Amino acid sequence: MPMSTRGDRILDRPLAEIGGKGLFLKELEVAMLEGEADAAVHSLKDVPMELDGPFQLGAILERADPFDAFVSVKISDFDALPHGAKVGTSSLRRQAQLRARRSDLQILDLRGNVNTRLSKLENGEYDAIILACAGLDRLGLSRYIRHRLDAPSWLPAVAQGAIAIECREGDDETAKILQVLNHKKTQLCVEAERSMNRMLHGSCHVPVAAYATLEGNILSLEGLVGSAKTGHCVRAHAVGHAHDPEGLGRLVATELRLHGADELMKS
């Protein structure tokens with residue numbers, strides 16, 4: 001059953017000003033509580049670190065491309081942006097990393113669905129925009145990707161590219177069905193990223209980025225906290241065993257705090 005949430009409808013203000021990413025969940029959770037739906041599908045990057053009420057994540061699907069895309073009509077790649085170019089994004093995380101790399105850029109807010117954002121670009125409102133590769137891929141719009149902004153120089157949002165399916169706690173029948181869809185490798189990686197973010201108390205109001213990879217039984221996690229105003233960023237990296245993604249996330253969060261993450265988040 002398709003639904004349009006308040007986060008989809010209010011497009012004239014930055015997301016952080018109207019309640020954050022939780023706007024995309026609340027109305028869907030009400031539908032589950034009222035029996036109109038048994039499960040809800042979300043971009044995991046939009047799911048709060050702690051779920052409110054009687055809900056659980058029943059499955060995490062295999063992760064798509066987790067990175068950001070540089071999209072432009074006339075400019076070949078990020079490094080080719082002219083001095084003072086206008087770049088559109090509504091993400092504080094992207095703004096922090098853009099300013100860290102190019103303090104001369106004009107960074108402008110950008111809201112709306114993907115087609116709306118692309119139309120604004122094509123109409124000349126921006127020289128370039130930053131979008132998620134996964135969103136473009138899923139919509140059959142990969143041709144718009146000029147190049148991928150990828151790790152280690154550029155980090156994505158926590159759990160970017162992963163899809164989560166939420167259901168009611170205690171609904172064992174639905175949970176059992178959903179478990180068939182769960183992708184274990186993706187689950188371990190995003191658990192590490194979300195654990196880091198949880199310890200930092202991160203939200204859409206704080207520019208936090210993370211990316212975990214799994215090779216054999218070894219998890220690797222890199223995290224970043226930045227300032228969308230100044231572009232100052234701190235980073236941390238650690239490796240751990242796949243059986244303890246939560247512990248790895250806490251370790252990287254601790255390292256970020258030792259490098260000054262708390263001060264950045266307060267500012």
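A residue is called buried here when under 20% of its relative accessible area remains, and exposed when the figure is over 50%. The views below all show a predicted model.

**View A. Strand 8 and its two pairing partners.** Strand 8, made of residues 163–168, is mostly covered, and by the cut-off given above 6 of its 6 residues are buried. Strand 1 (residues 39–43) pairs with strand 8 in the antiparallel sense, and 5 bridges join the two. Strand 2 (residues 55–60) is likewise antiparallel to strand 8, with 5 bridges between them. Cys-167 is a useful residue to look for in this view, since in strand 8 it is the bridge partner of Ala-39, while Gln-56 also stands opposite Cys-167. As general background, the strands of a sheet pair through backbone hydrogen bonds, and they do so either parallel or antiparallel.

**View B. The open sheet of 5 strands.** The strands of this open sheet follow the order 5-4-6-3-7, and their pairing is mixed. At its edges lie strand 5 (106–108) and strand 7 (147–149), each of which pairs on one side only. If direction is ignored, neighbouring strands of the sheet are turned by 30° against each other on average. Strand 4 (residues 86–88) runs parallel to strand 5, to which it is joined by 3 bridges, and Val-87 has Ile-107 in strand 5 as its bridge partner.

**View C. Helices beside the sheet of 5 strands.** Helix 3 (residues 92–101) packs on this sheet, where it touches strand 3 (68–71), strand 4, strand 5, strand 6 (128–132) and strand 7, and its direction makes about 130° with that of strand 6. Helix 4, formed by residues 114–122, lies across strand 3 and strand 6, and it runs at about 165° to strand 6.

**View D. The open sheet of 3 strands and helix 7.** In this open sheet the order is 9-10-11 and the pairing is antiparallel. The edge strands, each pairing on one side only, are strand 9 (208–215) and strand 11 (233–241). From one strand to the next, the twist averages 15°. Strand 10 (residues 218–226) pairs with strand 11 over 9 bridges in the antiparallel sense, and within this pair Val-225 stands opposite Val-234 of strand 11. Helix 7 (residues 184–200) packs on the sheet and touches strand 9 and strand 10, with a direction that makes about 150° with that of strand 9.

**View E. Backbone details in the loop between strand 7 and strand 8.** Most residues other than glycine have a negative phi, and most peptide bonds are trans. Pro-152 lies in the loop between strand 7 and strand 8, and the peptide bond that leads from Ala-151 to Pro-152 is cis, with omega near 5°. Ala-159 is found in the loop between strand 7 and strand 8 as well, and although it is not a glycine, Ala-159 has a positive phi of about 65°. Because its relative accessibility is 0%, Ala-159 counts as buried.

**View F. The cavity and its lining.** The structure holds 1 cavity of 30 Å³ or more, and about 30 Å³ of space lies in the largest cavity. The residues that line the largest cavity are Leu-25, Lys-26, Glu-29, Pro-48, Glu-50, Leu-51 and Asp-52. Sorted by character, the residues of this lining divide into 3 nonpolar and 4 charged, with no polar residue.

Notes: Residues are numbered from 1 along each chain as its sequence is written. This is a predicted model: local features need pLDDT of at least 70, side-chain atom pairs count only at pLDDT 80 or more; totals for chains, interfaces and linings use all residues. Side-chain values use heavy atoms; hydrogens and water are left out. On a 1 Å grid over the protein atoms alone, a cavity is a set of points where a 1.4 Å probe fits but cannot get out, and a pocket is an open set with protein on both sides within 12 Å along at least five of seven lines; lining residues have an atom within 4 Å of a point. Grid points are joined across faces, edges and corners, and a volume is the space filled by probe spheres set on the points. Ala, Val, Leu, Ile, Met, Phe, Trp, Tyr, Cys and Pro count as nonpolar, Asp, Glu, Lys and Arg as charged, and the others, Gly among them, as polar. Two strands pair if DSSP finds at least two bridges between them. Helices (H or I, at least four residues) and strands (E, at least two) are DSSP runs, numbered from the N terminus. Axes are lines fitted to C-alpha atoms, for helices over the stretch in contact, and angles run from 0 to 180 degrees between N-to-C directions. Contact means heavy atoms within 4.5 Å. Buried means under 20% relative accessible area, exposed over 50%, partly exposed in between (1.4 Å probe, protein chains only).
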